[in-house]
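This report goes with the sequence and model shown below. Keep both in view while reading.

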Amino acid sequence: MTVTLDGVPAGATFTSTTERAAAATRRRRLRIGLIAAGAYLTVLLVAVLWPAALAPGDPLAADPLNVLAAPDGSHWFGTDNLGRDVWTRVVHGAGHSITIAVAATAVAVTGGVLLGLLAGLSHRIADETLSRTLDALSAFPTLLLAMLFIAITGPGTVSLIIAIGLVTLPRHARVVRGLTQLVRRSGYVEQAVTFGLSRPRLVLRHILPNAIGPIPVLAVIGLGEAVLIAAGLSFLGMGPQPPSPEWGAMLSEGRNYLHIAWWITILPGLAVTATVVSLTVLGRHWQARLDGRHR
Amino acid sequence: MGDLVSVEDLHVTFDTPTGEVAAVRGIDLTVAAGECVAIVGESGSGKSVTARTLVGLAGRDARIRAARLELAGTDVRAHRPRDWRQVRGRVAGLVLQDALVSLDPLRTVGAEIAEVLATHEIVRRSERAGRVGHLLDLVHVPEPQRRARQHPHQLSGGLRQRALIASALAGEPALLIADEPTTALDVTVQAQILALLAERRAAGLSLLLISHDLAVVAQIADRVLVMRDGRVVEQGPTERLLRAPEHPYTRQLLDAVPSASSRGRRLSATTGPARTALPARPEVRRGDTVLTATGLTKRYGDHTVVRDVGFTIGRGETLGLVGESGSGKSTVARIVAGLLEPDEGTVAFERTPWTSVAERTRRPLRRQLQVISQDPLGSFDPRWNVQRVIAENLDPDISRADRTDHVVELLHRVGLDRNLLGRHPRALSGGQRQRVAIARAIATRPSLIICDEPVSALDVSVQAQVLDLLADLRAADGTALLFISHDLGVVHHLADRVLVMADGAVVEQGPVGDVFTYPRHDYTRSLLAALPALVTTGRP
């Protein structure tokens with residue numbers, strides 16, 4: 001509850017003691033989740049940048065004498081149907097999956113911000129055309145749309161990146177469009193007009209920086225989703241081709257052995273899940289902090 | 001006994017994350033039956049907290065301590081929420097500043113009033129509709145039956161405030177607590193609401209009026225308490241307090257009120273000795289016009305918001321533009337600022353066409369015309385600190401190394417210290433923010449500054465400082481001002497000539513003295529008649 005009363009400094013808010021206690025519990029719980037997510041993402045970063053530090057072996061080295069070995073001391077994620085070490089493949093696969101997700105998000109953010117800004121600054125007809133196109137784009141299920149795109153361009157890492165970027169772009173564009181319209185009618189932009197700023201400077205100095213406020217947070221949450229879509233498409237054979245150790249591709253390869261060797265599928269699957277959850281936790285926390293600051 | 005309100009040594013403190021904040025620090029207050037008592041103070045004085053404490057709405061984290069706290073003879077110190085519900089509406093009705101906030105937007109006005117009747121079981125269910133009509137009639141709402149079926153947004157500000165008062169009166173309380181009941185209203189509507197409150201009082205109602213405006217209070221209060229920092233600094237019968245204030249703060253408040261009699265004198269003691277002469281006005285050269293507007297008309301659909309408005313502003317001249325809300329004065333300001341194209345008419349600034357030209361053509365002259373708005377915070381880029389905000393308007397030719405010095409000098413000119421440079425405008429007070437906006441405006445040494453309600457959101461003593469500052473800067477730089485305000489006193493204090501607008505048209509214009517002394521148009525007369533005047537003659 002926020003009460004503003006005469007006689008109390010601006011910004012002072014009041015909460016009852018029970019509310020305060022509940023909030024403290026929430027914060028504690030959140031902090032544990034946050035630490036876990038942070039720790040996982042740190043390990044993930046090491047796996048991306050320097051996989052040999054975590055798994056010195058060769059992800060492609062097959063050992064025909066040791067196929068489908070259950071997790072034990074020497075292969076603690078077990079081995080797959082060709083006797084390759086699953087741990088090594090999961091670690092080296094992180095590079096593939098994360099690179100694709102980061103590149104795809106970069107495509108989505110760049111394209112989304114540009115289109116959103118353009119739509120927000122345009123007059124009605126151009127804005128309507130752009131916005132409706134983006135609406136139509138986001139009306140399709142993301143996975144379906146990405147598959148459609150890859151069906152045209154053919155599978156591969158680059159088309160995967162562009163496909164994911166394209167299907168996650170509308171949400172960034174929409175946020176930026178809305179904020180652009182808000183910001184360009186704001187008092188400070190009007191004031192800047194009276195200072196005689198040229199239009200490009202007005203856009204670059206005032207409108208753009210104020211319209212992209214929530215984008216970093218949105219991008220972090222979107223990163224998790226990109227990992228998920230990438231894994232999904234790779235699972236369907238539309239991403240990096242075997243034998244490269246991509247998480248989705250590993251899931252696909254291991255699915256025939258699920259009843260005798262669960263570790264080939266479950267463990268890479270857990271890596272995907274943990275990545276998505278950690279990125280979302282981080283993004284949400286960041287968002288909450290920003291909201292708290294602005295309130 | 002017989003006092004409706006009896007308070008002794010009331011303290012109210014709030015627990016905040018940064019520690020305890022004392023809002024009220026030991027005040028005594030009594031309201032006798034049929035009496036009208038007013039509490040006057042600036043924001044932060046504790047006047048609203050006091051009022052809310054009397055109806056149990058001080059807030060959940062408020063700690064209330066009092067030697068005596070009685071309403072209609074009942075000790076309310078140990079009241080629990082359910083006890084307070086019996087008090088509110090029945091013993092004391094509460095009217096707040098903004099009826100649009102206080103009335104439920106999803107319910108009709110009639111339902112709102114009927115709820116009070118039902119809660120306190122005032123009349124039988126079958127008689128409620130009739131009583132609602134009677135109450136609306138009591139507060140002079142025309143066509144009460146039809147209005148009762150309308151929602152708050154369908155009513156004008158004045159009618160809404162009347163409806164709110166009707167709902168406060170529905171429980172037949174003996175006391176009405178009104179917290180800034182007219183602050184959001186136009187001056188003519190304010191006069192009507194004050195007349196209504198006076199009428200109810202004559203019918204036997206007791207009133208506790210909370211206001212920042214001494215002039216409003218002077219109209220109807222028997223006694224006035226002046227509050228500052230949670231304490232009552234002075235109290236007494238209204239007339240005595242206004243004629244012969246004893247406490248320096250009361251005197252300071254009275255001095256700060258701009259009016260015809262304050263013309264040419266300082267309003268605030270902080271900018272120089274109070275009530276001493278301001279520096280001479282810049283020499284007005286009417287022949288040398290800075291800005292000429294002719295036949296300005298602006299329509300939105302069928303609605304004409306500005307109709308055939310024309311005026312000139314001479315070099316160094318201050319033109320006051322007065323009118324009530326909806327009169328079109330802000331639209332005129334936007335047209336003159338080159339932010340809105342008129343449908344008809346032209347503006348010439350510095351003898352150069354200013355309307356119907358491309359923004360590119362206007363740009364070189366933009367630095368000569370600056371704008372100060374009512375909401376300075378909204379006019380600053382939310383990411384920037386004070387230094388960047390002001391530096392943006394510096395001459396681009398000034399070298400990087402000198403820019404900070406220039407900003408500091410500008411801050412100094414508006415009476416601010418250099419330690420504000422790195423501060424964020426959000427962390428400044430309202431007065432400081434407006435000074436920063438003024439510093440930014442004078443950075444270009446403009447020939448004309450458009451001030452759109454620059455002091456409306458400020459406390460009277462802060463308003464006094466800002467008005468003095470504007471007068472000083474005008475004298476030093478010879479800047480012309482287009483000063484837009486709903487407050488006739490402010491315009492009378494500052495302007496050379498005045499333009500009165502009503503319903504989008506200019507009804508009267510001329511030198512301030514002539515227009516305000518011998519108004520020719522009925523509308524100007526009604527504005528002046530509605531203006532609550534402070535009777536302060538006889539003071540040194």
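The text covers confidence, the annotated spans of chain A, the contact between the chains, and the sheets of chain B.

**Basis.** This is a predicted model, in which local features need pLDDT of at least 70 and side-chain atom pairs count only at pLDDT 80 or more, while totals for chains, interfaces and linings use all residues. Residues are numbered from 1 along each chain as its sequence is written, and chains are lettered from A and ligands numbered from 1 in the order in which they are written.

**Confidence in chain A.** The pLDDT is the predictor's confidence in each residue, from 0 to 100. Chain A averages 86, and 92% of its residues score at least 70. Helices (H or I, at least four residues) and strands (E, at least two) are DSSP runs, numbered from the N terminus. Among the elements of chain A, the lowest mean pLDDT, 81, belongs to helix α1 (residues 17-49) and the highest, 94, to helix α6 (residues 157-184). Residues 1-16 of chain A have pLDDT below 50, yet this stretch has 37 contacts in the model beyond near neighbours in sequence. Two residues are in contact if their C-beta atoms, placed from the backbone, lie within 7 Å. Where pLDDT is low, the predicted coordinates should not be read in detail.

**Annotated spans.** An unreviewed UniProt entry marks residues 30-50, 98-121, 215-240 and 260-283 of chain A as "transmembrane region". UniProt positions are given in the numbering used here, feature names are shortened, and annotations may be inferred rather than shown by experiment. In the model, residues 215-240 of chain A are 81% helix and 0% strand, with end C-alpha atoms 28 Å apart. For residues 260-283 of chain A the figures are 88% helix, 0% strand and 38 Å.

**Contact between the chains.** Chain A contributes 22 residues to the contact and chain B 33 residues. On the chain A side, α7 (187-194) and α8 (199-211) each supply at least two residues. The largest share, six residues, comes from α7(A). By type, the chain A side has 11 nonpolar, nine polar and two charged residues. Here Ala, Val, Leu, Ile, Met, Phe, Trp, Tyr, Cys and Pro count as nonpolar, Asp, Glu, Lys and Arg as charged, and the others, Gly among them, as polar.

**Sheets of chain B.** One open sheet of six strands runs β7-β8-β9-β3-β10-β11 (chain B) with mixed pairing. Its edges are β7 (92-95) and β11 (231-237) of chain B; each has a single partner strand, so one side of each is left without a neighbour in the sheet. Another open sheet, also of six strands and mixed pairing, has the order β17-β18-β19-β14-β20-β21 (chain B). There β17 (369-372) and β21 (505-511) of chain B stand at the edges.

Some strand pairs of chain B are listed next; two strands pair if DSSP finds at least two bridges between them.

| Strands | Sense | Bridges |
|---|---|---|
| β14(B) and β20(B) | parallel | four |
| β12(B) and β13(B) | antiparallel | nine |
| β12(B) and β15(B) | antiparallel | five |
| β10(B) and β11(B) | antiparallel | six |

Individual bridge partners can be named. V322(B) is matched with V500(B) in β20(B), and V226(B) with E234(B) in β11(B). For β12(B), A293(B) has F311(B) in β13(B) as its bridge partner, while T294(B) stands opposite T346(B) in β15(B). The strands β12(B) and β13(B) form a hairpin with two residues between them, and G301(B) in the turn has a positive phi of about 65°.
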